[in-house]
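Some words used for protein structures rest on set cut-offs. Here a few of them are put to the test by question and answer.

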Amino acid sequence: MTPEEYTEAVLRMVERIPSGRVMTYGAIADALADESGRNSARRVGTIMARHGGGVPWHRVVGAGGRLPPGHENEARRRLTAEGVPFRGDKVAPTAIN
C-alpha cells in the first residue's frame, strides 16, 4: 500500500465511525496494520491533521479519550451534540471503539 493509499484508507475508516462513537488513532492504525504493513498512531494523527477536514475528524481521539490537540472545544461540542459521554475532559471509555 502506497502512502497515498494509506491516507485514503485512514480517511475511509474515519468516515465509517458511527455518530455517537469514537475511535483512537491507535485503533485505526491497528485496524489497518495487516492490510497496509503500517501501524503508527502518530502517522494516523498526521494524516488527520493534514487531510481530515472533510471527514468526521472529531470522532478520532487520543489514547484514553483525549480530544484532538488544538481542537478540544470544537470536538467536545460536536461529540456532545452526538450524545458521546464524557468523564471530565476526556471521552468516556464506553464510547470508544
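The questions below concern this predicted model.

Q: What makes up the secondary structure of the protein chain, and in which order do the elements run?
A: The protein chain has 4 helices and 4 strands. From the N terminus on, their order is α-β-α-α-β-α-β-β.

Q: Why is the protein chain called as compact as a globular protein of its length?
A: The globule rule gives 13 Å for 97 residues, and the radius of gyration of the protein chain is 13 Å, close to that value, so the description applies. Along the principal axes, the C-alpha trace spans about 40 × 25 × 20 Å.

Q: What does it take for a residue to count as buried, and how much of the protein chain does so?
A: A buried residue has under 20% relative accessible area. Of the 97 residues, 42% count as buried.

Q: Which residues of helix α3 are buried, and how do you know that they line one face?
A: In α3, residues 41–51, the buried ones are Val 44, Ile 47 and Met 48. Seen down the axis of α3, the buried residues fall within an arc of 100°, so they line one face of the helix. As a general point, an α-helix has 3.6 residues a turn, so residues three or four places apart point the same way.

Q: What covers the buried residues of α3, and which exposed residues does the face turned away carry?
A: The cover includes α1 (3–15), α2 (25–36) and β2 (60–61). On the face turned away from the buried side are Arg 42, Ala 49 and Arg 50; exposed means over 50% relative accessible area.

Methods
Residues numbered from 1 in each chain as written. Predicted model: local features only at pLDDT ≥ 70, side-chain atom pairs only at ≥ 80, totals over all residues. Heavy atoms only, no water. Helix = DSSP H or I, 4+ residues; strand = E, 2+ residues; numbered from the N terminus. Rg over C-alpha atoms; globule rule 2.2 N^0.38 Å. Buried < 20%, exposed > 50% of the residue type's maximum accessible area, 1.4 Å probe, protein only. Arc of directions from axis to C-beta. Contact = heavy atoms within 4.5 Å.
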